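Biologist: Before I take any of these labels on trust, I'd like to hear the reasoning behind them. Can we go through it together?

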Amino acid sequence: MISLPIIRRLLAPLVVSLFALGWYGFSVQYIVSNNNVALENGVFSAYISPSQLQGYIEATRYICYVVVYLGLIFFWYNLVKTVRELEEANKQ
Amino acid sequence: MPSMVLQPVLQESWALIYGLFALSGFILGWAAQRGNYCFVNAMTSIFTAKSYERFGALLILFGLSALGSGLLVAFGVIPAFDQYYYNYFAGWYILVGSIIFGFGAALAGGCNLSMLYRAASGYVQNWIELFGMMIGTYVFAIGIWPFQLYTMANGILSTTNGGYVEYLPYIIFHSISNMSVYITTLVVSLPLIFIGIYLQQYTKRKWAISSSLRINLPAARAYYNQNISTSGEEKVSLTKEIKDLILLRKPYGTNLTTIILALDLLLVFIVGAGYTFNYLVITSSDGGRFFEYLLMLGNVKLFLNTPWFNDSLPIVDPSTLMVIMLCIGAFSASYLSGDFKIRIPRNKSRLLIGFGGGMLVGIGVRMALGCNVGLMWTNFAQLGYDGIIFLFGMLLGVYLAIKVQERWL
């Protein structure tokens, strides 16, 4: 029987990885296009310069890489740990 | 008249600036989670437990931040305009907003910082508080901001400018020279640090006396003495202590967290100087920004025609990544230490109170032009005086919330 803490241990890194992917996807799809809308409508207090926006997207992409890799490493580590624990419990 | 033009200190790419702000957010979330650092709890404990330990730590934090940033300016590492450029207006709205904020945050169970790291650690009540804050920001934008803007523009119980007008060295010496900044820095920071240390020592002495009065049985006295000697031995095994902290077996002490947070602020102060708001800032504007992002998914664009959203809020800035990474940092700390757990309060009315408190937090922080981090803590580092107003307003709000909770909730 897989207990709730084990599910939490396995799911949490995946959820964070998905969140990082989702955030990057949202930034590329929505923030870039809405920044252009702000420029077209002359809302200059909402608009940010292309170089700054590019910097944001670039930083978000690298953060996304780091978070996803770490999330998958933790998921894999905990999966192996959980399987071992379950096997030992079954043997006993 | 002093200059109001930003001057970059380091030549960096925007990607690096965003990345370093994200790193500072991660450190902030990690350290605050490990140290359970909460501005509201620090103030609540004054009125409930008569404990000044955490409040003293807050004063030390403000003092260290002012000392660090002030000395960097006084010794010419950072130009003075990069310190005062983002000083806000001051007026009635800071006092009223901080009272509303303190009241709401004490009801909801967390300041802006603790709301985020607790939400990332699985506290559902703080998720609700966060959502309430987003709604509160919208209520403020359409109901209060136009009036507030009018009073700010016309100087009704308000200054009509920020920047050097709010800069204590300029107010005191009518100068932004290195010497005036140096003297002001010492005058502002050292009393804060000494009062903070005094309050902590006072609380410890009080606890020691009350413990010795309580422990009068021989067995209990033996246990107490044993613990005293154990704590003496712990001092010797410093390496074990450090190892425990690194391996997340023990939470960080209040003062260790204070020092990490002050250094974190200085990192941002140097990195962002001349580029952007170079202080730690969390959620006060990003609460509104995330609400705007949520509505963008439904093709609603608040920045086009909604007050405040279309005149005060860039679509993204380094604080956005700071907040995101604060949550990830807090989550990482809670997950790796085994603290992470989805926690739903048994008493479901706490969720409703959390939502209402969150709304007040959203309204309060926007009225005050910032939260306990982005305005109060930051403003001490800016050598302004808005932070002092906010501190007393927030204390009053927290006190009122405690009285309301004692009486009705």
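Modeller: Sure. One definition to start with: accessible areas here come from the Shrake-Rupley method with a 1.4 Å probe. Keep in mind, too, that this is a predicted model.

Biologist: Okay, what does chain A expose, and what supplies it?

Modeller: About 5700 Å², with carbon and sulfur atoms supplying 67% of it. Of its 92 residues, 36% count as buried, meaning they fall under 20% relative accessible area.

Biologist: How do you know whether chain A is a compact globule?

Modeller: Set its radius of gyration against the rule. A compact globule of 92 residues would come out near 12 Å, but chain A has 20 Å, so by the globule rule chain A doesn't fit that description. The box filled by its C-alpha atoms is roughly 70 × 20 × 15 Å along the principal axes. As for secondary structure, chain A has 2 helices and 0 strands.

Biologist: Over to chain B. Why is helix α2 of chain B called largely enclosed?

Modeller: Buried means under 20% relative accessible area. In α2 (residues 39-48), 7 of the 10 residues are buried, so the helix is largely enclosed by the rest of the structure. Those buried residues are F39(B), V40(B), A42(B), M43(B), T44(B), S45(B) and I46(B).

Biologist: What covers the buried residues of α2(B)?

Modeller: The cover includes α3 (53-74), α5 (92-108), α6 (112-120), α18 (372-381) and α19 (386-408) of chain B.

Biologist: And N36(B), why is that one called partly exposed?

Modeller: Partly exposed lies between the buried limit of 20% and the exposed limit of 50%. N36(B) has 36% relative accessibility, so it counts as partly exposed. Its place is in the loop between α1 (14-35) and α2 of chain B, and it touches R54(B), Y117(B) and R118(B), leaving aside residues up to four places away in sequence.

Biologist: What makes a set of residues a nonpolar core?

Modeller: They're buried residues of the listed kinds, such as Phe, Leu and Trp, joined through side-chain atoms within 4.5 Å. The largest one has 133 residues, and F39(B), F62(B), L113(B) and W377(B) touch the most other members. A second, separate core of 5 residues includes W30(B), L245(B), L248(B) and Y252(B).

Biologist: Which residues does W377(B) touch?

Modeller: Not counting residues up to four places away in sequence, its contacts include F39(B), F62(B), L265(B) and N372(B). F39(B), then, is among the buried residues of α2(B) and is also touched by W377(B).

Terms used. Residues are numbered from 1 along each chain as its sequence is written. Chains are lettered from A and ligands numbered from 1 in the order in which they are written. This is a predicted model: local features need pLDDT of at least 70, side-chain atom pairs count only at pLDDT 80 or more; totals for chains, interfaces and linings use all residues. Side-chain values use heavy atoms; hydrogens and water are left out. Buried means under 20% relative accessible area, exposed over 50%, partly exposed in between (1.4 Å probe, protein chains only). Contact means heavy atoms within 4.5 Å. Helices (H or I, at least four residues) and strands (E, at least two) are DSSP runs, numbered from the N terminus. The radius of gyration is taken over C-alpha atoms; the globule rule is 2.2 Å times the number of residues to the power 0.38.
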